[in-house]
Amino acid sequence: MQEKQPAPFERGTDGPKVIVVGIDGSDSSWRAAAYAAGLARRQGAMLALVYVQPVLPAGATMGAPVVDVTHEVADELMAEIRRSTERLQGIYDMRWEFHTLRGDPYAGMVRMADELRADAVVVGASESAGHRIMGSVAVRLVKAGRWPVTVVP
């Protein structure tokens with residue numbers, strides 16, 4: 001008689017262990033971060049906050065000032081995250097990380113979700129009219145079909 005082998009591990013079957021959330025400073029991204037933080041806290045998951053610094057096509061700007069602005073945004077996001085963490089210290093205990101990288105927001109979110117072996121991805125609904133041409137990051141992540149994706153209005 002053969003001994004029964006345990007089923008192979010599948011992501012998310014025991015609840016999420018890593019939740020990735022995209023932030024960019026918009027109101028919808030802060031709502032997404034708050035929602036994801038609540039999920040992570042209740043599930044005992046690690047929260048990975050990801051800011052993808054946009055890279056504009058060559059010739060669209062004069063160069064260095066845009067890089068400085070995107071670094072400033074990353075610094076401001078980190079400062080706000082730290083302030084929020086300090087306000088909630090002793091009330092909620094939660095593991096979190098902040099990641100920032102440069103490039104296309106969709107590609108950056110995919111890269112971080114894959115590298116961190118995300119069980120879930122949370123993003124805010126697009127507040128940009130430009131997404132009608134390229135498609136919103138949220139819709140593209142859903143279409144990728146690689147993780148459960150929650151879009152927060």
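**Figure 1. Confidence along the chain of the predicted model, from strand 1 to helix 4**. Within this predicted model, confidence is highest in strand 1 (residues 18–22), where the mean pLDDT is 96, and lowest in helix 4 (residues 131–134), where the mean is 48. The average pLDDT over the chain is 79, and 71% of the residues score at least 70.

**Figure 2. The order of helices and strands in the chain**. The chain holds 5 helices and 5 strands, and, read from the N terminus on, these elements follow one another as β-α-β-α-β-α-β-α-α-β. The chain has 153 residues, of which 36% count as buried. Among contacts between residues at least 6 apart in sequence, 77% join residues that are at least 24 apart.

**Figure 3. The crossing of helix 3 and helix 5**. The axes of helix 3 (residues 105–115) and helix 5 (residues 137–144) come within 9 Å and cross at roughly 45 degrees, which makes helix 3 oblique to helix 5. The crossing in which helix 3 passes helix 5 is right-handed. On the side of helix 3, the residues that take part in the contact are P105, Y106, M109 and V110, and these meet V137, R140, L141 and A144 of helix 5. Sorted by class, the contact of helix 3 with helix 5 comprises 7 nonpolar residues, no polar residues and 1 charged residue.

**Figure 4. The surroundings of S28 in helix 1**. S28 belongs to helix 1, which spans residues 27–43, and S28 counts as buried because its relative accessibility is 3%, under the 20% limit for that class. When neighbours within four places in sequence are left aside, the residues in contact with S28 are G124, A125, E127, V152 and P153.

**Figure 5. P153, in the segment after strand 5**. Strand 5 covers residues 149–152, and P153 lies in the segment that comes after this strand. P153 has a relative accessible area of 66% and is therefore exposed, the limit for that class being over 50%. Leaving aside neighbours within four places in sequence, P153 is in contact with S28, R31 and A125. The C-alpha atoms of P153 and G124 are 5.9 Å apart in space, whereas the two residues are 29 residues apart in sequence. The contact between P153 and S28 thus links this view to that of helix 1, and it joins an exposed residue, P153, to a buried one, S28.

Terms used. Residues numbered from 1 in each chain as written. Predicted model: local features only at pLDDT ≥ 70, side-chain atom pairs only at ≥ 80, totals over all residues. Heavy atoms only, no water. Helix = DSSP H or I, 4+ residues; strand = E, 2+ residues; numbered from the N terminus. Buried < 20%, exposed > 50% of the residue type's maximum accessible area, 1.4 Å probe, protein only. Contact = heavy atoms within 4.5 Å. pLDDT = per-residue confidence, 0-100. Axes fitted to C-alpha atoms, helices over the stretch in contact; angles between N-to-C directions. Parallel < 35°, antiparallel > 145°, perpendicular 65-115°, else oblique. Left-handed = near helix turned anticlockwise from the far one by under 90°. Nonpolar A, V, L, I, M, F, W, Y, C, P; charged D, E, K, R; others polar.
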